Amino acid sequence: MIFDSFFKAIAQTGDPRFRKVLALGIGLTLALLIAAYACFLVLIQWFVGPDATVPVLGEVRWLDDLLSIGSLIFMLILSIFLMVPVASAITSMFLDDVAQAVEDKHFPYLPSVGRTPFWEAVKDTVNFLGVLITVNVLALILYVLFPPAALFIFWGLNGFLLGREYFTLAAARRIGLPEAKKMRRKHLGTIWMAGTLMAMPLSIPLLNLVIPILGAATFTHIFHALQRRG
């Protein structure tokens with residue numbers, strides 16, 4: 001069931017609505033990272049200024065330039081780790097379109113459902129982003145303690161989070177959030193396994209940016225398959 005759902009999602013990647021969500025997710029992610037770097041530069045200028053006094057060296061005029069260059073390198077490195085969770089969270093704001101595209105093609109007999117209110121989607125996005133970043137930062141400790149298992153820890157943690165988020169999104173559209181949570185608990189093993197399948201390509205650059213869309217499509221299929229089975 002999981003692989004059948006996954007391959008059906010891949011087969012629909014040419015759908016214009018899929019491409020639209022991908023473009024929005026990447027564009028907003030890049031804009032957010034650039035804005036964060038611009039704010040960081042403003043803070044450096046505000047704290048250091050054009051001139052600064054350094055012990056032994058005295059007054060120096062190049063410290064703000066050095067910090068600016070250093071911060072650029074730091075942000076580029078940081079963006080490698082943040083690009084995926086930020087893109088995943090931002091893209092989740094628009095995954096209603098992906099789920100609807102899947103249902104239009106594979107389940108056209110279903111009645112239409114209303115879209116998630118914009119501010120509710122923003123709130124869910126912020127919460128999901130916070131959880132993703134917090135868990136992945138804390139996981140760095142486990143990576144250091146258990147280096148041989150680092151990749152499997154990454155897959156397991158992110159698989160759980162992605163599966164939880166995308167299944168809930170797909171199910172809540174049809175049966176409401178309380179019932180979606182009950183269904184998620186009942187089928188936790190299947191959902192976690194499918195989420196891990198989504199998490200594995202997260203370590204592959206560029207491909208990882210498509211995962212939120214494939215995840216939403218895959219879990220829409222999984223939700224309907226589990227509902228039919230139930």
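F7 counts as exposed, because its relative accessibility of 52% lies over the 50% cut-off. In this predicted model, F7 pairs with F6 in a tilted arrangement, with the ring centres 5.8 Å apart and 50° between the planes. F6 counts as buried, because its relative accessibility of 12% is under 20%. The pair thus joins a buried ring, F6, to an exposed ring, F7. Ring pairs also bring in F3, so that F3, F6 and F7 form a cluster. In total, the structure holds six aromatic pairs.

Another of these pairs is formed by F167 and F223. The geometry here is edge-to-face, at 6.3 Å centre to centre and 70° between the planes. F167 belongs to helix α6 (residues 150–175) and F223 to helix α9 (residues 211–229), so the pair ties together parts that are 56 residues apart in sequence. F167 is buried, with a relative accessible area of 0%, and F223 is likewise buried at 0%.

The charged side chains come next. Side chains of opposite charge can pair when their charged atoms come close. The structure holds seven salt bridges, and the table lists some of them.

| Salt bridge | Closest N and O atoms |
|---|---|
| D15 and R17 | 3.7 Å |
| R17 and D104 | 2.8 Å |
| E103 and R174 | 2.7 Å |

R17 appears in a bridge with D15 and in a bridge with D104. The bridge between R17 and D104 links distant parts of the chain: R17 lies in helix α2 (residues 16–48) and D104 in helix α4 (residues 95–106), 87 residues apart. R17 is partly exposed, with a relative accessible area of 32%. Of its partners, D15 counts as buried at 15% relative accessibility, while D104 counts as partly exposed at 39%.

Helix α4 also holds E103, whose partner R174 lies in helix α6. This pair, too, links distant parts of the chain, 71 residues apart. E103 counts as buried, because its relative accessibility is 2%, under the 20% cut-off. R174 has 21% relative accessibility and counts as partly exposed. The bridge between E103 and R174 has a wider setting: D96, E103, R173 and R174 are linked in a network of salt bridges.

Helix α6 therefore takes part in both kinds of contact: F167 in helix α6 pairs with F223 in helix α9, and R174 in helix α6 pairs with E103 in helix α4.

Methods. Residues numbered from 1 in each chain as written. Predicted model: local features only at pLDDT ≥ 70, side-chain atom pairs only at ≥ 80, totals over all residues. Heavy atoms only, no water. Phe/Tyr/Trp six-rings, centres within 6.5 Å; stacked < 30°, edge-to-face > 60°. Buried < 20%, exposed > 50% of the residue type's maximum accessible area, 1.4 Å probe, protein only. Helix = DSSP H or I, 4+ residues; strand = E, 2+ residues; numbered from the N terminus. Salt bridge = Lys/Arg side-chain N within 4 Å of Asp/Glu carboxyl O.
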